[in-house]
Amino acid sequence: HYFIQINLSTTMSLLILSKEAISRHFPPFGVLLGALRTGLVEYSRGEIVQPVRAQLTIPGTRDRFIPMPAIVPSRGVMGLKLVCAVPSNTERSLPTHLGMIQLFNLYGELLCQMDAEEITARRTALCSAIATQLLAPPSSRILAVLGAGVQAKSHVTALRQLFSFDEVRIWNRSSSRADSLVANLRECSEPCSINSVRTVEEACRGADIICSVTSSVDPILFREHVKPGAHINVVGASSPTTREIGDDLMRDHQTVVVADCRAASLVEAGDVVQTGAMVSHELGALLSSSSSTSPNYARSDSEITLFKNLGLALEDIITADMIYQSFIAAHDQ
């Protein structure tokens with residue numbers, strides 16, 4: 001069951017890749033990092049077509065059905081990701097994000113369909129990694145992660161490939177889940193101090209980089225928790241009614257807010273919508289202005305950089321195309 005090919009008509013067939021095929025053909029970290037970086041720059045230049053996504057809330061719940069289309073001309077593809085965001089799935093031992101991706105060429109031919117779980121987990125963390133590499137101090141040594149789900153693990157994994165951390169701290173409302181993630185990370189990671197902690201304050205005290213990857217509805221991270229000069233990736237709150245960051249931190253004059261998509265952050269990100277915080281930069285625009293001789297954002301020692309990572313369809317389509325191209329190359333031989 002590595003893949004399934006179905007003839008839909010005399011002119012169209014459907015290739016469905018299994019999760020095993022996706023894992024086997026997933027692009028290497030550095031290759032995908034470069035491709036996503038290029039995609040973010042192209043988006044900020046207006047070269048990728050992608051609307052602010054519609055979010056359909058299932059009545060009586062916080063659960064959402066989200067269609068995410070994008071056209072990426074430079075790769076000759078377009079596609080649609082359909083995702084269900086179901087926070088209550090933690091109680092069912094199911095992923096909180098379930099979905100699929102359909103990939104088309106620019107002539108409208110359906111190339112491939114694949115599950116979105118692994119792609120969503122890894123591309124989200126890679127985009128945080130791109131932002132962190134640009135915005136955080138290169139000498140960062142302490143990483144704090146708020147949350148203990150799929151994104152927590154993928155963020156630790158991605159960031160450890162770019163930074164040499166002395167210490168990684170994991171906090172979660174469920175201490176048993178935090179302990180479980182720590183045990184898992186210790187098994188599959190190079191030696192490093194990885195520990196679970198019992199409070200947000202303990203996790204973030206003196207941390208150089210903080211990743212907030214929770215399903216929280218109300219703020220959990222406040223100004224008093226964050227040292228001057230720190231960098232924060234805010235990933236979990238992706239609807240206008242949910243929050244992870246306190247008003248005092250969002251509105252602090254030393255906080256510089258960067259978003260993957262400025263337009264989307266103004267209508268989707270509760271931390272921006274509910275506080276009226278100014279989004280100073282779009283990530284792709286900052287990347288476009290950086291260079292090999294000056295690759296990092298010019299920041300003061302007291303500034304706190306905050307990256308709002310909503311997740312963009314272009315990231316899914318670029319990743320899916322790279323998986324598809326690798327699969328085709330392997331099976332054309």
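Residues with a relative accessible area between 20% and 50% are classed as partly exposed, those under 20% as buried and those over 50% as exposed. In the predicted model described here, isoleucine 4 has a relative accessibility of 44% and is therefore partly exposed. This residue belongs to strand S1, which spans residues 3-7. Together with Ile6 and Leu8, Ile4 makes a nonpolar surface patch of about 250 Å².

A charged patch was also identified. Glu201, Glu202, Glu224 and Asp248 form a negative patch on the surface. Within this group, glutamate 224 is placed in the loop that runs between strand S11 (209-212) and strand S12 (231-234). Its relative accessible area of 69% is over 50%, so glutamate 224 is classed as exposed.

Threonine 319, by contrast, is buried, with a relative accessible area of 0%. The residue is part of helix H11 (residues 313-331). Leaving aside residues up to four places away in sequence, the contacts of threonine 319 are Phe26, Leu32, Leu36, Ile119 and Arg123.

Side chains of opposite charge can pair when their charged atoms come close. In this model, 15 salt bridges were counted. One of them joins glutamate 117 to lysine 19, with an N to O distance of 3.0 Å. Because glutamate 117 lies in helix H3 (residues 117-135) and lysine 19 in helix H1 (residues 19-24), this pair ties together parts that are 98 residues apart in sequence. Glutamate 117 is partly exposed at 27% relative accessibility, and lysine 19 is likewise partly exposed, at 47%.

A further salt bridge is found between the side chains of glutamate 268 and arginine 53, at 2.6 Å from N to O. This pair links distant parts of the chain, 215 residues apart: glutamate 268 is in helix H8 (residues 262-268), and arginine 53 is in the loop between helix H2 (29-44) and strand S3 (56-57). Both glutamate 268 and arginine 53 are buried.

Aspartate 179 and arginine 198 also form a salt bridge, in which the closest N and O atoms are 3.4 Å apart. Here the partners are 19 residues apart, with aspartate 179 in helix H5 (residues 175-188) and arginine 198 in the loop between strand S10 (193-196) and helix H6 (200-204). Aspartate 179 is partly exposed, with a relative accessible area of 32%; the value for arginine 198, also partly exposed, is 47%. In addition, Lys81, Arg123, Glu315 and Asp316 are joined into one network by salt bridges that share partners. Arg123 of this network is also among the residues touched by threonine 319.

Methods: Residues are numbered from 1 along each chain as its sequence is written. This is a predicted model: local features need pLDDT of at least 70, side-chain atom pairs count only at pLDDT 80 or more; totals for chains, interfaces and linings use all residues. Side-chain values use heavy atoms; hydrogens and water are left out. Helices (H or I, at least four residues) and strands (E, at least two) are DSSP runs, numbered from the N terminus. Buried means under 20% relative accessible area, exposed over 50%, partly exposed in between (1.4 Å probe, protein chains only). Contact means heavy atoms within 4.5 Å. Patches are made of residues with over 30% relative accessible area and no salt bridge: like charges are joined within 9 Å, nonpolar side chains (Val, Leu, Ile, Met, Phe, Trp, Tyr) within 5 Å. Accessible areas come from the Shrake-Rupley method with a 1.4 Å probe; for residues, only the protein chains shown count as cover. A salt bridge is a side-chain nitrogen of Lys or Arg within 4 Å of a carboxyl oxygen of Asp or Glu. Lys and Arg count as positive and Asp and Glu as negative; His and the chain ends are not counted. The place of a charge is taken as NZ of Lys, CZ of Arg, CG of Asp or CD of Glu.
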